[in-house]
Amino acid sequence: MTSPSLILASGSAVRRKLLADAGLAFTAEDSRVDEDAIKAGFADSDRNTEEETDELALKLAEAKALAVSARNESALVIGADQILSCEGRRYDKPKSMEEARANLLAFRGRPHILHSGLVLVKDGGAVWNLTARATLTMREFSEEFLDSYLAEAGDRVMKSVGCYQLEGPGVQLFEKIEGDYFSILGLPLLPLLDELRRHGVVRS
């Protein structure tokens with residue numbers, strides 16, 4: 001039996017690299033989902049529970065995978081999303097360097113949580129899903145360090161909800177990290193690979 005084709009419903013270069021480095025044969029397709037419309041269906045306040053944010057991350061991941069699945073019959077589609085919460089407040093990717101700086105100052109000296117949602121969809125229906133959390137605590141860095149970090153990182157900080165790439169200089173922002181490395185990068189890779197083995201996409 002021929003294994004189904006595999007599609008990543010994401011424009012994320014990091015997620016594409018993780019799958020490629022793991023040796024998977026896949027294509028990537030942007031879902032073109034209106035994320036703001038989905039987020040509007042979830043109450044947002046400074047007291048969001050971790051469970052509510054998990055649910056939102058999963059809903060976003062599923063919506064992306066379903067949209068791509070509708071255009072690709074019989075393919076196995078990976079949907080993934082990640083949301084950051086800090087002390088009950090949810091954060092989106094910054095729209096400017098000024099917003100990135102303000103967010104990093106808000107995270108400074110505090111733990112924040114990365115909520116990852118991961119879904120596999122086939123023929124328009126979800127066949128598997130997962131949520132994962134990682135807790136990261138930023139150190140009490142100086143504003144001088146922050147300014148130098150932002151100058152070095154440049155516009156890349158706006159590609160990440162946390163304004164950092166942990167695999168690069170962003171690691172210097174932290175004093176403690178608890179959680180799976182791949183989940184922090186936005187794709188809980190080990191459980192995904194295990195499920196793909198079950199579907200015959202990866203050799204067991």
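Reader: What counts as a disulfide here?

Author: The term covers a pair of cysteine sulfur atoms, judged by how far apart they sit. In this predicted model, the cut-off for such a pair is within 2.5 Å.

Reader: How far is the sulfur of Cys-86 from the closest cysteine sulfur, and how many disulfides does a search of the whole structure find?

Author: The closest cysteine sulfur to that of Cys-86 belongs to Cys-163, and the gap is too far for a bond, at 12 Å. Going the other way, Cys-163 has Cys-86 as its closest partner, again at 12 Å. So with a cut-off of 2.5 Å, that pair doesn't qualify. The whole-structure search comes back with a disulfide count of zero.

Reader: Is Cys-163 buried or exposed?

Author: Cys-86 is buried, with 5% relative accessible area. For Cys-163 the relative accessible area is 0%. Buried means under 20%, so Cys-163 is buried.

Reader: Which element gives the most to the lining of the largest pocket?

Author: That pocket has a volume of about 1,100 Å³ and a lining of 40 residues, with Gln-82, Lys-93, Lys-159, Ser-160 and Val-161 nearest its centre. Elements giving two or more residues are H1 (13-21), H2 (35-40), H3 (50-69), S3 (76-86) and S4 (89-91). With four residues, the one that gives the most is S3.

Reader: How many residues in the lining of the largest pocket are charged?

Author: Sorted by class, the lining has 15 nonpolar residues and nine polar ones. Lys-93 and Lys-159 are among the residues nearest the centre, and lysine counts as charged. The charged count for the lining is 16.

Reader: Any enclosed space too? How much lies in the largest cavity?

Author: Searching the whole structure for cavities of 30 Å³ or more turns up one. Its lining is made by Tyr-149, Ala-153, Arg-156, Gln-165, Gly-168, Pro-169 and Gly-170, which divide into three nonpolar, three polar and one charged. The space inside is about 40 Å³.

Reader: How far apart are the end C-alpha atoms of H3?

Author: H3 has 20 residues, and at 1.5 Å a residue it should span 28 Å. The modelled helix agrees with that expectation, so the check is passed. The end C-alpha atoms are apart by 29 Å.

Reader: What covers the buried residues of H3?

Author: The buried residues of H3 include Leu-56, Ala-57, Leu-60, Ala-61 and Val-68. Their cover includes H2 along with several strands. Those strands include S1 (6-8), S3, S4, S5 (111-122) and S6 (125-138).

Reader: Which residues does Val-68 touch, leaving out those up to four places away in sequence?

Author: Val-68 lies in H3 and is buried, at 0% relative accessible area. Its C-alpha atom is separated by 5.5 Å from that of Ser-31, although the two are 37 residues apart along the chain. Ser-31 is also one of its contacts, and the full set is Ile-7, Ala-9, Glu-29, Asp-30, Ser-31 and Val-77.

Reader: What's up with the backbone at Ser-74 and Glu-87? What is phi at each?

Author: Most residues other than glycine have a negative phi. Ser-74 sits in the loop between H3 and S3 and is partly exposed at 37% relative accessibility, while Glu-87 is in the loop between S3 and S4 and is exposed at 58%. Both have a positive phi: near 75 degrees for Ser-74 and, for Glu-87, near 50 degrees.

Key:
Residues are numbered from 1 along each chain as its sequence is written. This is a predicted model: local features need pLDDT of at least 70, side-chain atom pairs count only at pLDDT 80 or more; totals for chains, interfaces and linings use all residues. Side-chain values use heavy atoms; hydrogens and water are left out. Buried means under 20% relative accessible area, exposed over 50%, partly exposed in between (1.4 Å probe, protein chains only). On a 1 Å grid over the protein atoms alone, a cavity is a set of points where a 1.4 Å probe fits but cannot get out, and a pocket is an open set with protein on both sides within 12 Å along at least five of seven lines; lining residues have an atom within 4 Å of a point. Grid points are joined across faces, edges and corners, and a volume is the space filled by probe spheres set on the points. The expected span of a helix is 1.5 Å times one less than its number of residues. Contact means heavy atoms within 4.5 Å.
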